[in-house]
Amino acid sequence: MLPCTLVSVSGFVLFVLQQRIAGFGLLALALLLAAWIDAAVLRDLALIAVGLTAMSLVPVTTDISTEHMLVMGLGMVLAVGIPYVVSRFVFGDGAVRFPVLTGKPWTRAEKWYLPAVVVMGYAVLPVYMVNTGVYRNWPAVSDPEGVARLFLGTNVLGIWDELFFICTVFALLRRHLPVAQANVLQAVLFTAFLWELGFRAWAPFFIFPFALLQALIFTRTKSLSYIVSVHLLFDFILFLVLIHAHNRAWIDIFIY
């Protein structure tokens, strides 16, 4: 539990406090403790550490310029790609996997949860984004290219969140911890990363529960497709709110 917790805390230090030396120091201490405890723990925490390091070395912002999207995109690819490749082809344990075509149909409850996510996003996001002024952390766009870039950015990031925090971090942590403990630790990282991205003010009060619920849903469904669908529906409301917040006459359908 201790080295896993230190890895999670290091993410808070890196992304929220933005203290690289202290954050990397905690990561190093976590890996040293893991090496002393068990080789399997060391291997899995090292994969998480690689992802956290990759993301801490690139600017995590909402800038949608081509240059920034390429740089941050490279970090995102490395953060997910390296653990997947090493887990599958070096360790050969397949601990990191992305189950898309599971062959299992969604249950009625799962289908009903999708429109419920839209309702929750509609109820929470306008109040949060507009009343706190947090929407200003995203670029104001009104031209077709800018709108398209914002749509692409929000969707790609939403998919990556699930690939890294759920399919990678949570999957690796729960090999060594009970589901509840692994879930809390991944949710801390999930929330810390989105804080640095721009979700400030009282965002942790809904992002942390969202992260917990996403991991629980993944544990039940074992379907990346489903949790991505949930996330993208929420992010679609986010996209609409951002457009409206910067252009108040547009998409004037929100209550805040």
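**A tour from helix α1 to the nonpolar core**

Begin at Q18, just after helix α1, where this residue takes a positive phi of about 55 degrees; keep in mind throughout that the model is predicted.

Next, select helix α1 itself, residues 2-17, and colour P3, C4, L6, V7, S8, S10, G11, V13, L14 and F15, which are buried. Showing the surroundings of these buried residues brings up four helices against which they pack, namely α2 (20-37), α3 (39-56), α6 (144-173) and α7 (179-197).

From there, keep α6 in view and add helix α4, residues 66-91, which packs with α6 at an angle of about 20 degrees, the two axes lying 10 Å apart. Because an angle under 35 degrees counts as roughly parallel, α4 is roughly parallel to α6, and the crossing of the pair is left-handed. To see the contact in detail, display the side chains of T66, M69, M72, M76, A79, V80 and P83 on α4, together with R149, L152, V156, L157, W160, L163, F164 and T168 on α6. The residues of this contact divide into 12 nonpolar, two polar and one charged.

Now turn to the largest nonpolar core, which has 82 residues, and select M55, M129, W160, F193 and F199, the residues with the most contacts inside it. Helix α9, residues 224-246, gives the most to this core, contributing 14 residues.

Finally, centre the view on F199: which residues does F199 touch, not counting those up to four places away in sequence? The neighbours to select are Y128, V134, W138, L194, I207 and L238.

Conventions: Residues are numbered from 1 along each chain as its sequence is written. This is a predicted model: local features need pLDDT of at least 70, side-chain atom pairs count only at pLDDT 80 or more; totals for chains, interfaces and linings use all residues. Side-chain values use heavy atoms; hydrogens and water are left out. A nonpolar core is a set of buried Ala, Val, Leu, Ile, Met, Phe, Trp, Tyr and Cys residues joined through side-chain atoms within 4.5 Å. Buried means under 20% relative accessible area, exposed over 50%, partly exposed in between (1.4 Å probe, protein chains only). Helices (H or I, at least four residues) and strands (E, at least two) are DSSP runs, numbered from the N terminus. Contact means heavy atoms within 4.5 Å. Axes are lines fitted to C-alpha atoms, for helices over the stretch in contact, and angles run from 0 to 180 degrees between N-to-C directions. Angles under 35 degrees count as roughly parallel, over 145 as roughly antiparallel, 65 to 115 as roughly perpendicular and the rest as oblique. A crossing is left-handed if the near helix is turned anticlockwise from the far one by less than a right angle, and right-handed if clockwise. Ala, Val, Leu, Ile, Met, Phe, Trp, Tyr, Cys and Pro count as nonpolar, Asp, Glu, Lys and Arg as charged, and the others, Gly among them, as polar.
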